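User: Could you take a close look at one helix pair in this model for me? I'd like the packing described first, and then some context from the rest of the chain.

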Amino acid sequence: MHSYEILVWVGSLLSLLFFSAFFLRFLRIPYIISFMLAGFLGKAIFPEKVIEWVALLEHSAVVFLFFFIGLEYSFERLWNMKNIVGPGMVDFILNFLPIFAVLYLITKDLIFSSVIAAALYPSSTSIVAKLLSDYKRLVFPEADLLIGILIFEDLVSVVLLSLMSGGIKNGGEDQTFLMLRSVIFLVFVFFAFYLLKDLVYKGVNRADKIATEPIFPFMVVGFLLLLCGMGEWLGVSSALIAFLLGVIVPEQSLTYKAIEEKLSDLKELALGVFFFSFTYTSDIALEQDLLILSAVLILSLITKAISTYIGAKLYGLGKKASIRASFSFLPRGEFSLIFASLLPTTQPFVFLVVLLSSIVGSISFVYAPKIASLFGKKSS
């Protein structure tokens with residue numbers, strides 16, 4: 001393979017991602033879905049080796065995503081989110097356990113059922129946040145609740161991903177032992193981080209001195225990938241390490257501003273390649289059990305609507321705002337695909353549910369105010 005061919009194919013791939021997202025946005029199709037659909041088209045266009053040529057972006061996408069999620073939090077901010085714990089727990093219990101129970105009764109496969117349940121538990125942060133902004137509903141009373149639950153889901157997803165990635169890596173070992181080992185690793189990492197955080201904070205503050213240097217991204221990306229890689233080698237989820245590394249960066253520091261300014265585009269590029277790769281490498285066919293698929297899709301939509309309504313009432317919202325919130329929180333997205341990437345056998349199933357729920361959820365979001373007006377009281 002000549003070097004110019006690599007440049008041509010990788011350039012064509014990135015161009016396809018741009019044009020698919022650019023043109024489909026006029027139909028209000030989220031970027032995630034655009035990139036996934038581009039993966040289908042890519043199957044007919046690109047050679048198989050194209051994924052090897054963008055492998056670094058694909059493998060680092062989850063690291064960048066969780067690192068940037070961690071940047072949005074601090075221990076103090078997480079502690080002050082007490083009022084969202086109740087709605088967040090309702091959201092987790094009603095969206096994880098029923099799907100897990102139904103699938104486990106059918107398949108008797110603990111890992112498969114756990115991954116599917118985890119994949120369909122969180123709503124899509126990017127889709128819901130974009131819809132709230134596009135339809136100017138950030139001023140609505142339920143917006144703070146939905147954003148709060150999204151944050152809660154992010155945190156739970158970090159923990160679930162850490163546990164499951166450890167439990168899935170080696171199928172030859174006892175699954176229960178692997179999950180237990182992952183829990184022990186997780187507790188150890190949290191305690192180690194808590195004990196060393198003051199020392200780490202000082203190191204991050206000193207990084208402010210070089211934050212404005214053009215070479216600053218080399219240091220950040222280098223340390224981020226190095227530490228996450230070492231963590232994976234030791235059996236600790238790279239998503240957890242990336243998240244914690246993001247948390248320790250002070251929000252008002254020059255380091256934080258430099259990372260946001262210089263690395264956000266790299267994160268988006270990596271995620272686009274990740275979502276493309278998800279469908280490009282998956283053996284996605286309509287050979288799924290349509291009855292089970294339909295049942296799980298309907299169940300996931302119903303439980304999300306119910307849990308959001310209950311969470312809204314616990315949060316103190318009125319009936320109309322609670323109904324509006326419940327019909328605005330249905331799309332699944334990026335975290336679903338990340339969980340499915342842990343276990344290839346779940347990818348076709350999750351892809352179809354994500355695709356359908358994002359379409360149904362986006363339509364539901366648009367009509368949520370009208371639905372709330374029909375069933376809710378005028379005062380909310």
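Analyst: Here's a walk through the helix pair, followed by two residues elsewhere and the chain as a whole. Bear in mind that this is a predicted model, where local features need pLDDT of at least 70 and side-chain atom pairs count only at pLDDT 80 or more, while totals for chains, interfaces and linings use all residues. Residues are numbered from 1 along each chain as its sequence is written, and side-chain values use heavy atoms, with hydrogens and water left out.

The pair is α11 (residues 216–234) and α13 (residues 254–281), whose axes come within 10 Å and cross at roughly 80°. That makes α11 roughly perpendicular to α13, because angles of 65 to 115 degrees get that label, with under 35 being roughly parallel, over 145 roughly antiparallel and the rest oblique. The axes are lines fitted to C-alpha atoms over the stretch in contact, with angles running from 0 to 180 degrees between N-to-C directions. Helices here are DSSP runs of H or I with at least four residues, strands are E runs of at least two, and both are numbered from the N terminus.

So who meets whom? From α11 come Phe216, Pro217, Val220 and Val221, and they meet Thr255, Ala258, Ile259, Lys262, Leu263 and Leu266 of α13; contact means heavy atoms within 4.5 Å. Sorted by type, the contact has 8 nonpolar residues, 1 polar and 1 charged. Nonpolar covers Ala, Val, Leu, Ile, Met, Phe, Trp, Tyr, Cys and Pro, charged covers Asp, Glu, Lys and Arg, and the others, Gly among them, are polar.

Now for the two residues. Gly39 sits in α2 (residues 31–45) and is buried, at 0% relative accessible area. Buried means under 20%, exposed over 50% and partly exposed in between, using a 1.4 Å probe and protein chains only. Beyond its neighbours within four places in sequence, Gly39 contacts Phe276, Thr279 and Tyr280. Its C-alpha lies 9.9 Å from that of Phe274, 235 residues away along the chain.

Ser157, in α9 (residues 143–168), is buried too, with a relative accessible area of 0%. Leaving out residues up to four places away in sequence, Ser157 touches Tyr121, Pro122, Phe335 and Phe339. Ser157 and Ala118 are 39 residues apart in sequence, with 7.7 Å between their C-alpha atoms.

Zooming out, the protein chain has 17 helices and 0 strands, and 51% of its 380 residues are buried. Of the contacts between residues at least 6 apart in sequence, 83% join residues at least 24 apart.
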